[in-house]
Every structure is written in C-alpha cells, then in structure tokens.
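Biologist: I should be grateful for a close look at a single part of this structure, namely the sheet. Please explain how its strands are arranged and where the ligand stands in relation to them.

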Amino acid sequence: MRYDEHFKELCGALEGAGAFLVVADKKGRVNLMTIGWAQLGVIWGEPVMSVLVRPSRHTHALLETATHFSVCVPRRGELEKELAFCGTKSGRDYDKARACALTLKDGASGVKYIDGCALVYQCELYGRAPLARGSLAPAALKKYYEPAETPHTLYFGKVLKAENFL
Ligand SMILES: Cc1cc2nc3c(=O)[nH]c(=O)nc-3n(C[C@H](O)[C@H](O)[C@H](O)COP(=O)(O)O)c2cc1C
C-alpha cells in the first residue's frame, strides 16, 4: 500500500492502546515497546515515520546502534494485553515477544515485524534528533517531563515498505 493509506487507523491506534515499535539489537535479539507518539509524513523527499523514545527506555539504547525498526499496528481491539505488557515491562528484564507469544517475521533488509498486525511500516533509520529542554514549550515540559529529565529522542525512519493486512 502507499505509506499514507490507513493514516486514520494509525492515528486511532496511537491515540488508543498504542502500536508496537520493534527494534533488534546487534545480535538479532528483538525488543518490542509500545508507543503512542509517532509521526508519518514526508522529509528529505521520502516517506518517513518518526518515533519518540525516552532515554530511559531499553529501546533507546537499541536505537542508538540499530539500522532499522518497524512500527506494527494491531487491528482495533486486538493484542491490547500484549500492548499493555510491552508498554510497562522492559526488554532489560523480558523477552517480550516470547512472553506475549508473538511471532516475528523478516521483512525488507532484515527488518523484523510482528505477524498478525493490521498495518506494518518497515523502516530504515535515517536520522536521530535528541529534543533539547530549551526547545520545548514550557507547557509541554511541565506536563511530560520531570524537572531534570532529558526529553525524548526523535528517530526518523525512512519507510521502506508499508503493508496492510486489514
Ligand atoms: C499506550 C502506551 C504508549 C506509550 N508510548 C510511548 C512512547 O511513545 N515513547 C516512549 O518512550 N514510551 C512510551 N510508552 C512507555 C514504554 O512503552 C514503556 O516504558 C516500556 O516498558 C519501555 O520498554 P523498553 O524498556 O523495553 O524499551 C508507552 C506506554 C504505553 C502503555
């Protein structure tokens, strides 16, 4: 499908139970993290999915050396327990795909994605941008961050393939 088809479903998931962000480490071990913050659009003349990850997440450490990631969106009402698990437990302590009995598949260029999701965006890491406290609106800083907390890092992923299993 075109990357922007089913944009509404993507946003509905982000506003609701979330979507899975799937990142592999250097040894090929895969971690799943639930995300509610992401953007899909055009940068550098390419379709780009951007995800925002707090420095405290295991996923953040993985993204510092990763080359790819995927964003996997379940059908509405499905995999909600799994999203809750992957959004509260850390890959430092769990193999979350195994704990949730989710099957991983190989996509383009070795990207891993979750079997059984409605929408899958396979991405190549194209850049990163740590958000600076001073660049954010005071209201956002106050609402989302502790006084000394470093804000999210924005990771840009060029969409290599967007698939619809709806
Ligand atoms: C619905 C939902 C949405 C979330 N969205 C984000 C997000 O966009 N960015 C983020 O850094 N953490 C987000 N989180 C929190 C992480 O998923 C959570 O801290 C997770 O346990 C981190 O896993 P990791 O340590 O294996 O990376 C969200 C959690 C939930 C339940």
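Modeller: The model is a predicted one, and 18 residues surround its ligand. The closest of these are Gly36, Thr59, Gly87, Ser90 and Gly91.

The sheet itself is open and is formed by seven strands in the order S2-S1-S5-S8-S9-S4-S3, with antiparallel pairing. Its edge strands are S2 and S3 (38–43), each of which pairs on one side only. From one strand to the next, the twist averages 35°.

Let us now follow part of that order. Strand S5, residues 68–73, is joined to strand S8, residues 119–130, by six bridges, and the two run antiparallel. Here Phe69 stands opposite Cys123 in S8. On the next step, S8 and strand S9 (residues 153–164) are connected by 11 bridges and again run antiparallel; in this pair Leu125 faces Gly157 in S9 as its opposite residue. S9 is also joined to S4 by six bridges, in an antiparallel manner, and Val51 stands opposite Tyr155 in S9. As a general point, side chains in a regular strand alternate between the two faces of the sheet.

Two strands of the sheet also take part in the surroundings of the ligand. Strand S2 (30–35), strand S4 (46–53) and helix H2 (58–63) each supply at least two residues of the shell. The largest share, four residues, comes from S2, which is also one of the edge strands. By class, the shell holds five nonpolar, 10 polar and three charged residues.

Conventions: Residues numbered from 1 in each chain as written. Predicted model: local features only at pLDDT ≥ 70, side-chain atom pairs only at ≥ 80, totals over all residues. Near = placed C-beta within 6 Å. Nonpolar A, V, L, I, M, F, W, Y, C, P; charged D, E, K, R; others polar. Pairing = 2+ DSSP bridges. Axes fitted to C-alpha atoms, helices over the stretch in contact; angles between N-to-C directions.
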